[in-house]
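Subject: Structure for your review

Dear colleague,

I am passing on the structure we spoke about, and I would be grateful if you could look through it alongside the notes that follow.

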Amino acid sequence: MIKLENISKSYHTKHGTKILFKNLYLNMPLRQNIAILGKNGVGKSTLLRIIAGIEEPDSGSIIRDARISWPIGFSGGFNGSLSGEENCFFVSRIYGEEIKRVAEFVKNFSELEDYFYMPFKTYSAGMKARLAFGLSMALEFDIYLVDEITAVGDAAFQKKCRDAFAERRKRSNVIMVSHNFDILKEYCSLVAILESGKITLYDNIDKAIEIYKKSLNQNE
């Protein structure tokens, strides 16, 4: 179970304080694949980072009764001065994994070749995504967080990513942010709609998408 209790989050901007959500409360049951829907800017990605523990809320608490990934493909936690291999070593130690096994898996999966031993800050955006996705697949999690599935690399590498993620999903669940309704229907069984700082969980994905579409039309 992932339980959000009175979670509040805001950012200070040059135009003042932007409140994303206030006193957010939600129970996310285990062994369910959950989609998070919401308009741009409502805080979906921020909520994923808070669930992952990458970002702290202003107030409130989170109960995590599962091993949860960082958002797949997220590379913001990598040290730019360390090589790809050294970043893999660092993350492996944090999660108590065998560092050589993880590094070897990521090296082979990412297909970075000699760049694997070069500083992360020298990588292109595509290379960073390859390393980040490979590292996500090298570790086993109960729940994988997905912030918009993006195409990385050529067709062959994209197929490798899809196959690897499909294999992980046999043993794990996902919490996913996406605007692609077909993908949400394929992956998820529950939908949480984030709107006006509040979140509502639906167990009927078609009904949830219909409600979300109506809210978009009302704001046009």
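Between the C-alpha centres of domain 1 and domain 2 there is a distance of 27 Å, and I should say at once that this is a predicted model, so that every value below is computed from predicted coordinates. Domain 1 is made of three stretches of the chain, 1-67, 142-153 and 169-219, while domain 2 covers 75-140.

Where the two domains meet, 5 residues of domain 1 and 9 residues of domain 2 take part in the contact. The area buried between domain 1 and domain 2 comes to about 610 Å², with carbon and sulfur atoms contributing 43% of that figure. Across this interface the rule finds 2 salt bridges, and it also finds 4 residue pairs in polar contact, counting pairs in which both residues have pLDDT 80 or more. As for single residues, R67 forms a salt bridge with E97, and the closest N and O atoms of that pair are 2.7 Å apart.

Turning to the sheets, I begin with an open one of 3 strands, which are arranged in the order β2-β1-β4 with antiparallel pairing. Its edges are formed by β2 (16-28) and β4 (59-64), each of which pairs on one side only. On average, and with direction ignored, neighbouring strands of this sheet are turned by 25° against each other. Helix α1, residues 44-52, packs on the sheet and touches β1, β2 and β4, its direction making about 125° with that of β1.

Strand β1 (residues 2-13) is joined to β2 by 9 bridges, and the two run antiparallel; a hairpin of 2 residues makes the connection from β1 to β2. Within this pairing L4 stands opposite L26 in β2, and K9 has F21 as its bridge partner in β2. Towards β4, strand β1 forms 5 bridges, again in the antiparallel sense, and here L4 stands opposite I62 in β4. L4 therefore has a residue opposite it in β2, namely L26, and one in β4, namely I62.The other sheet is also open and has 6 strands, in the order β5-β6-β7-β3-β8-β9, with mixed pairing. Strands β5 (68-71) and β9 (198-202) stand at its edges with a single partner strand each, so one side of each is left without a neighbour in the sheet. Neighbouring strands of this sheet are turned by 15° against each other on average, direction ignored. Within the sheet, β3 (residues 34-37) and β8 (residues 190-195) pair in the parallel sense over 4 bridges, and L37 stands opposite I193 in β8. Helix α1 lies across β3, β5, β6 (143-147), β7 (173-177), β8 and β9, and runs at about 155° to β6.

With best regards

Methods: Residues numbered from 1 in each chain as written. Predicted model: local features only at pLDDT ≥ 70, side-chain atom pairs only at ≥ 80, totals over all residues. Heavy atoms only, no water. Pairing = 2+ DSSP bridges. Axes fitted to C-alpha atoms, helices over the stretch in contact; angles between N-to-C directions. Contact = heavy atoms within 4.5 Å. Domains from an automatic or database assignment. Buried area = accessible area lost by both parts, 1.4 Å probe. Salt bridge = Lys/Arg side-chain N within 4 Å of Asp/Glu carboxyl O. Polar contact = N/O pair within 3.5 Å; in protein donor to acceptor, adjacent residues only side chain to side chain.
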